[in-house]
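Trainee: I have a structure to go through with you. Can we check each label against its cut-off?
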Amino acid sequence: MGRILSNRQVIAAKVETTEGTAISLAGADANNLIMEPKFEADVPMYERTFLDNSLSPQKAIATTRLARLSFKVECKGSGTAGTAPAVGKLLRACGFNETVVASTSVTYAPTSALANIPTLSIAKYKDGKRDGIKGCRGNVKYTAKAGEPGMFEFEFVGVYDGTTDVAILTPSGVETTVPVSLLSATFSIASFAAFVSQITLDMGNQLTPRGDINQASGFISTLLTKRNPKGSFDPEDELVATHDFYGRWLAGTTGALTWKHQGSAGNIATFTVPACQYMKLGEADRNGIAILNSDFLMARNSIGGDDELSVAFT
């Protein structure tokens, strides 16, 4: 009949009990408001290139089955200090530990221990159709501009779990908190209050599928095997005496980078990069004001690492 509406979509996600084994999803698992969802199946086709008396191709064979799902959610807290936000399960599957201090804070910081990085079963419901993935882990990016809410951009990769006709879920337990715009952000880099209009982060997670010929899909799940966390912002250019961008770049000098989305209790998001290192500087212009497009590395801050970024909801 062909009447599927693209504006009727929800995404449900739940931490799996057993890695790579799909878990049932319900309306309570669709508790994140989403933007720009995109599902893509990854099923390479094996071409059988035999020679005979005809130039017509032989029938191809579908091989392994992976899929990816990307979407955006708002950067916002639960509205109650010490209660994990809905975005928490997504961040955990992207390599973050979740530390809860009752009635005070929930903080996310990177982890390298695979046992602490759960897999998700995740599905996109689009007005009567369901695209499913299991054994998912992912990557996350963050973007924010002056006067706008911050956004987390997720991309999950896992085992394709089929496309079926299923009624769209009715979400329940969706957070009612409203995201806070990037204003009064107390932004600073190496204790210098630079004038910036936007900032981005990218955890740069490397996602590696786990091959398994015992599975009908050829895979069991996806592993997070490496990360290369970077970011960028666009400060106004400054005199060397004020902030020596190029000197710090050449010397490999790191400094603490921090900013926040200022809201009410339970909806304050503070980002901290303890060892921000300039990786590239490029001159640009913002309405007649000289600026520097500044790319940076989020380097480890200690020998043990896993401390290049923290996101605290208070």
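Mentor: We take the cysteines, then the nonpolar core, then the chain as a whole. Keep in mind that this is a predicted model.

Trainee: How many disulfides does a search of the whole structure find?

Mentor: It finds 0 disulfides.

Trainee: Why is Cys136 not called part of a disulfide with Cys94?

Mentor: A disulfide needs the sulfur atoms within 2.5 Å. The closest cysteine sulfur to that of Cys136 is in Cys94, at 10 Å, so it is too far for a bond.

Trainee: And what rules out a bond between Cys276 and Cys75?

Mentor: The distance. Cys75 holds the closest cysteine sulfur to that of Cys276, yet the two are 18 Å apart, too far for a bond.

Trainee: Why are Cys136 and Cys276 called buried?

Mentor: Buried means under 20% relative accessible area. Cys136 has 0%, so the label applies. Cys276 has 3%, so the label applies there too.

Trainee: Which residues have the most contacts inside the largest nonpolar core?

Mentor: Tyr142, Phe154, Phe156, Leu257 and Trp259, in a core of 51 residues. Strand β17 (residues 269-286) gives the most to this core, with 6 residues.

Trainee: What does Phe156 touch, leaving out residues up to four places away in sequence?

Mentor: Its contacts include Leu69, Phe71, Leu90, Cys94, Ile122 and Cys136.

Trainee: What makes up the protein chain in helices and strands?

Mentor: It has 2 helices and 19 strands. Of its 314 residues, 43% are buried.

Trainee: How much of the exposed area of the protein chain do carbon and sulfur atoms supply?

Mentor: They supply 52% of about 15600 Å².

Definitions and conventions:
Residues are numbered from 1 along each chain as its sequence is written. This is a predicted model: local features need pLDDT of at least 70, side-chain atom pairs count only at pLDDT 80 or more; totals for chains, interfaces and linings use all residues. Side-chain values use heavy atoms; hydrogens and water are left out. A nonpolar core is a set of buried Ala, Val, Leu, Ile, Met, Phe, Trp, Tyr and Cys residues joined through side-chain atoms within 4.5 Å. Buried means under 20% relative accessible area, exposed over 50%, partly exposed in between (1.4 Å probe, protein chains only). Helices (H or I, at least four residues) and strands (E, at least two) are DSSP runs, numbered from the N terminus. Contact means heavy atoms within 4.5 Å. Accessible areas come from the Shrake-Rupley method with a 1.4 Å probe; for residues, only the protein chains shown count as cover.
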